[in-house]
Amino acid sequence: MNVAGISLRDLEYVVAIADEGHFGRAADRCNVSQPTLSVQVRKLEEALGLALFERSNRRVLQTPAGQVIVRQARAVLAEAQRLLTLASEGRGAPLTGRLVLAAIQTLGPYFFPLILRLMRQEFPLLSLALSEARTAEILEGLRDGRIDAALVSLPLPPAGLTVSPLFVEPFWLACPADHALAQGGALRATDIAGPDLLLLDEGNCLRDQTVAACGAGSSVGRHATSLETLRSMVAAGAGYTLLPALAVPAGPDPSGLVVTRSFDADGPGRTIALAWRSSDPRAAGLSHLAAFFRAHAPPSTAACRDDETGAPGERGPPLVPSGTG
């Protein structure tokens, strides 16, 4: 066969099946009937001389050959989308169409609700698809085109990415109301390097940032899978932890079980940035998006200038490594 026998629509079907792991859900996503999708994928497999999927009544798995084809299909579809985007950018159009925006898990649930209504007003022709993941998964998604832009914590590996710092988010202490740290004078990060420190699981950037901020060993503390679980553990008296400012509720804890305290002027924090592929032809629109986020930095944070690099010590609380979370 030659390339004329491969349609972009068939490649969309293949990628949808790989993402959904189910023919029915893939058909719904592609707005076609399941028989139509199945027949077209069968034809593609016959033309390629390869089985792309293992089919059973309960699940669909990619074959080893299918994994290679799906990876290349993503690249082909990304380049096709780039062709359309180049045409749009050439007409001077603003940021429009579908944009997959990801955020690290310790930011997305708290930042997205603050910004989405304003985004719809600023970018009325933009169709957003939101997701949350750890930094390593986000970087992989940016590289293979599944993610268009991401809200991440600095620093990041710079290869192939444009990174625009947005704001500095301080960390706060959350501790039981009857804990010794609930009261006292100015709070320093080194004050919390004790056995009661609660951490997120391995592979989460906030865990690495907490360890770096207080100078504790990486093996200390009990672990949790999310900020909300950490908060519940604190309320139960299991220990104390660090929370990013956006995850700190306004006002006192209604239950009276948790106290949140800010640190002194040299307290820890992290720089949040917007990252996208440097090769993305929508650079002007994505820079506009970064400027929008920067201009609407939440009150509990300190906005960066558009020329800042996020290097430690430039402004706001000292920054700590992002790790892999």
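Mentor: A residue counts as exposed when its relative accessible area is over 50%, and as buried when that area is under 20%. Keep in mind that this is a predicted model.

Trainee: Is N31 buried or exposed, and what is its relative accessible area?

Mentor: N31 sits in the loop between α2 (23-30) and α3. The cut-off for an exposed residue is over 50%, and N31 therefore counts as exposed, with a relative accessible area of 70%.

Trainee: What phi does N31 have?

Mentor: Most residues other than glycine have a negative phi. N31 is not a glycine, yet its phi is positive, at about 60 degrees.

Trainee: Which two residues are joined by a cis peptide bond?

Mentor: As a rule, most peptide bonds are trans. In this model there is a bond with omega of about 0 degrees, and its proline, P155, is placed in the loop between β5 (149-153) and β6 (161-176). The residues joined by this cis bond are L154 and P155.

Trainee: How many helices and strands does the chain have, and what share of its residues is buried?

Mentor: The chain holds nine helices and twelve strands. Its accessible surface comes to about 15,800 Å², with 54% of that belonging to carbon and sulfur atoms. Of the 325 residues, the share that counts as buried is 44%.

Trainee: At what angle do helix α1 and helix α3 pack, and what is that arrangement called?

Mentor: Two packed helices are described by the angle between their axes and the distance between the axes. For helix α1 (residues 8-20) and helix α3 (residues 34-48), the axes are 10 Å apart and the angle is about 105 degrees. Since angles of 65 to 115 degrees count as roughly perpendicular, α1 is described relative to α3 as roughly perpendicular.

Trainee: Which residues make the contact of α1 with α3, and how do they divide by character?

Mentor: On the α1 side the contact is made by D10, L11, Y13, V14 and I17, while α3 contributes L37, Q40, V41 and L44. By character, the residues of this contact divide into seven nonpolar, one polar and one charged.

Trainee: Which backbone oxygen lies 3.0 Å from a polar atom of the side chain of Y240?

Mentor: Y240 is found in the loop between α8 (227-235) and β9 (241-244), and its relative accessible area of 4% means that it is buried. Its C-alpha atom is separated by 7.2 Å from that of L173, although the two residues are 67 apart along the chain. The backbone oxygen lying 3.0 Å from a polar atom of the Y240 side chain is that of I192.

Trainee: Where does T301 lie, and which residues beyond its sequence neighbours is it in contact with?

Mentor: T301 lies in the loop between α9 (283-295) and β12 (302-303), and it counts as buried because its relative accessibility is 13%. A polar atom of its side chain is 2.8 Å from the backbone oxygen of P298. Leaving aside neighbours within four places in sequence, the residues in contact with T301 are F167, V168, E169, P170 and L246.

Trainee: Which residues is S262 in contact with, leaving aside its neighbours within four places in sequence?

Mentor: S262 belongs to strand β10 (residues 258-262) and is partly exposed, with a relative accessible area of 41%. From C-alpha to C-alpha, S262 and L242 are 9.9 Å apart in space, and they are 20 residues apart in sequence. With those near neighbours in sequence left aside, the contacts of S262 are W172 and L187.

Notes:
Residues numbered from 1 in each chain as written. Predicted model: local features only at pLDDT ≥ 70, side-chain atom pairs only at ≥ 80, totals over all residues. Heavy atoms only, no water. Axes fitted to C-alpha atoms, helices over the stretch in contact; angles between N-to-C directions. Helix = DSSP H or I, 4+ residues; strand = E, 2+ residues; numbered from the N terminus. Parallel < 35°, antiparallel > 145°, perpendicular 65-115°, else oblique. Contact = heavy atoms within 4.5 Å. Nonpolar A, V, L, I, M, F, W, Y, C, P; charged D, E, K, R; others polar. Buried < 20%, exposed > 50% of the residue type's maximum accessible area, 1.4 Å probe, protein only. Polar contact = N/O pair within 3.5 Å; in protein donor to acceptor, adjacent residues only side chain to side chain. Areas by Shrake-Rupley, 256 points an atom, 1.4 Å probe, with all protein chains shown as cover.
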